[in-house]
Amino acid sequence: MTVLIECVIFGGLAYWLFRDRARAIVDLISTKFQEVYNGWEARGKLHQKKDKTSKDKYTSEAQTRAKNKLDSKKPTGLNCDSCGPSNRGSLVRVLPTTKPLDILQVDGVIPRNGGLLNTYMPRFWQTLNIYVHKHVYVYDSVLKDERIQEVYETAARQALGDSEVSMDTPVFMELLEKQKTRAAKILTSLRCTFSCFILRLSFFVMSYVWLKLFSNVTLHPDHIKLLQKADSTNLPLIFLPLHRSHLDYIIITYILGNYNMKSPMVAAGENLKMPFFGSLLRGLGAFFIKRRMDQVNGKRDVLYRAVLHTYMIHSLRAGHHFEFFLEGTRTRSGKPCMPKGGLLSVFLDAYMDCTIEDALLVPVSINYDRIVDGNFTSEQLGQPKKMETFFTAVTSIWKLFSSHYGSMRIDINQPFSLSEMVNTFQNKNSPVTATSNIPSKKLLRATPSTASLYGTDVVVEEHRQLVNSIARHVIYDCSCSTAIMSTNAVSFLLLNVFRKGVQLEDLTTAFDHLRENLIASNKSLGFNGPSIEVIEKAIKILGPDLISVSTKSEGEFIAPVTVLPNVLELSYYGNALLPHYVLEAVIVKSFNSLQRKSETNQVSHKALMETTRTLCDILQYEFIFTKYCQDLDDVIMSTIDSLISQKILFQETIPAEENYENTSPENEISQQNVQYTKNADPPHAPFQETMLRPIFDVYMIAFRQLHRLLSNHITEKDIVQVIMGTVEKELRENKIEYGESMSVDTIKNALKLLEKWTVVDSYNKQRVKYYSLGERFDDEPSLNEVISRIERFN
């Protein structure tokens, strides 16, 4: 074996050294071999016959119609007309029009003329030909930056605790030198040390790892063209993927290297700075950031923040691309997390102070049939996160290769200009707009992220709002363009439509309908082929721990495993569809709450709109319903139209009483009374009825536990445990049905909402968060009024 390896290495080196002379001969020989091989392959194909299986009987008319619609499907991931008009117009011609490309197939990635090496050792040849850019190191320039020099003094005074001490005193000078030493240590600890050798070695290894773990890793070839066109602008590219797995760190670098584009610097949590693996990631372009930036609670670590901020600014000046995760961490629930704007504020700051002319933000969606990271059920049940160590990493990698994870899908949205986004925001919020006669539209706003890198500067509220608006825009775009995998669709149907189980044939029919609906809504699908085969593949990938399969007289019977903690893992995959249908579910839930009070079973348009807006406000920490450039009312009305077209709702217009004082054409709509009724027998089982039930069960219980805070202060950990215990008790007593309600994330979101409403206050003491009731709500009648806000939807 050793001799064989030595021969391969020697042959490779010899070819590499003498490839210019030998290229013509090698190419000629390899071409002849290829012609002979193609001839044999063609003759073999003439004798192949296509066999039809019994599964064809499940192929429905709905699936055929869905297939026909693929050709007329609009491109996904386009910029907004208002937020990125110039980029949308210039890049629209290279958006997806062809089927996805499997990058595991070397020949399909980049056709290379590599002779014998390309023919017999294609992955080795691919590794030798990846694009490796010259990395510009900025270590020295960062430490010499004027900003850092100024922060030395601020940090020294902060450590001394006395701002009046003279700089000439020995004590101050000693502290100043310590800050300089600490700044060098901080920079050494966080910086990336890009290595060409590690990059090539990792590419070679990962090309085989992908093959072992996944059936295919696909993306649209036109997405690559779009990126190449954006890369040719010589502007910094800021890749902003949704975060599901640790593999997210590597896949974008892998794609860019294979298509002759510069690898990005990747922001990674300091928890990944483990022996060996930390050095490996650092060599691939990772720079490490602390999860908790401030050493002392209540005091900003101005030096750490300044070093990180300056390091990123100098890297931008050096022409590096960046990649980081706006969510800050991997999603534990399967749906996108609310964004944290800390790192994004650095790029906005660089644009504002003219460090960079512009930057292109690139939203990226990555989805998996099954994530390789295992599951997050223990964390959702309230157990503390286990810190990554070298041994846990090795153990996890060893376990990886005992399973198969189906498909991986990457969707890259159209890059949009940071400068255009800023201009759009400023125009929308300018005083001219505010004082004009045009009525201002009601936009769904959220509390801006407080995660900012600014440790010494004063950040105005407009700047925070701008960072938050852009971040939410990106998360919304990524969510809309995320491809739906087979496991997502099957889990979603089983949990929301067929919770008690279903015959395979009925599940296939419902799958066909969901598939057609997603395509009609211009959503990307991460699967193809007959629905019955897709379903069976998904069931196999998820395994018997999540989906049970039994044989009955009528045929195969499929049922979800709804016991804890299994149901939490299954809901993780089903929740990928929640953002696509959440507004429909909100409208249906709002309709139901109003219909219960109606004597005629009809609901007015005005009441439905107002109630839907109220419900969107309640769920503002669970979902992003609109981008800041959209009007919430417009989106709600468009979704109501969709429910009418699906025959879930019916609309009836009753002329109002004649109003002689207001008969202008502009008020014609106001003279009509629009009423809605719900279809008692819809053509398909409406999953919108049950989608939000687990979330509302948690919110209901959390609101009812507020009385524990009367004249009391409770730690966040204790109040979360109390709510979790109550959820568990009500599950045992069958007062609530959905085990997915056992979710720490949902409980914390409910507490955030109550804090936003000023129902509760919070403060930190010795790094422990405490909750108490707000001044206006510290009595039973006020709490009952708050609880009634959520009970109306029960």
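Reader: Why is phenylalanine 390 called partly exposed?
Author: In this predicted model, phenylalanine 390 has 30% relative accessibility. Buried means under 20% and exposed means over 50%, with partly exposed in between, so at 30% phenylalanine 390 counts as partly exposed.

Reader: Okay, and where does phenylalanine 390 lie?
Author: You'll find phenylalanine 390 in helix 18, which covers residues 390–400. It also helps make a nonpolar surface patch of about 420 Å², together with Phe276, Phe391 and Val394.

Reader: What makes lysine 752 partly exposed?
Author: Same kind of check. The relative accessible area of lysine 752 is 41%. The partly exposed class sits between 20% and 50%, so lysine 752 with its 41% belongs there. Lysine 752 is part of helix 31, residues 744–756.

Reader: Which residues gather in the patch of positive charge on the surface?
Author: That patch brings together Arg291, Lys340, Lys748 and Lys752. Lys and Arg count as positive, so these four names fit the label.

Reader: Now the open sheet: what makes strand 16 and strand 17 edge strands?
Author: The sheet has 3 strands in the order 16-18-17, with antiparallel pairing. Strand 16 (714–715) and strand 17 (760–765) each pair on one side only, and that puts them at the edges.

Reader: How do you know that strand 17 and strand 18 pair?
Author: Two strands pair if DSSP finds at least two bridges between them. Strand 17 and strand 18 (residues 768–773) have 6 bridges, in the antiparallel sense, so they qualify as a pair. As one example, valine 760 has leucine 773 in strand 18 as its bridge partner.

Note on methods
Residues numbered from 1 in each chain as written. Predicted model: local features only at pLDDT ≥ 70, side-chain atom pairs only at ≥ 80, totals over all residues. Heavy atoms only, no water. Patch = residues over 30% accessible without salt bridge, like charges linked within 9 Å, V, L, I, M, F, W, Y side chains within 5 Å. Areas by Shrake-Rupley, 256 points an atom, 1.4 Å probe, with all protein chains shown as cover. Salt bridge = Lys/Arg side-chain N within 4 Å of Asp/Glu carboxyl O. Helix = DSSP H or I, 4+ residues; strand = E, 2+ residues; numbered from the N terminus. Buried < 20%, exposed > 50% of the residue type's maximum accessible area, 1.4 Å probe, protein only. Charge placed at Lys NZ, Arg CZ, Asp CG, Glu CD.
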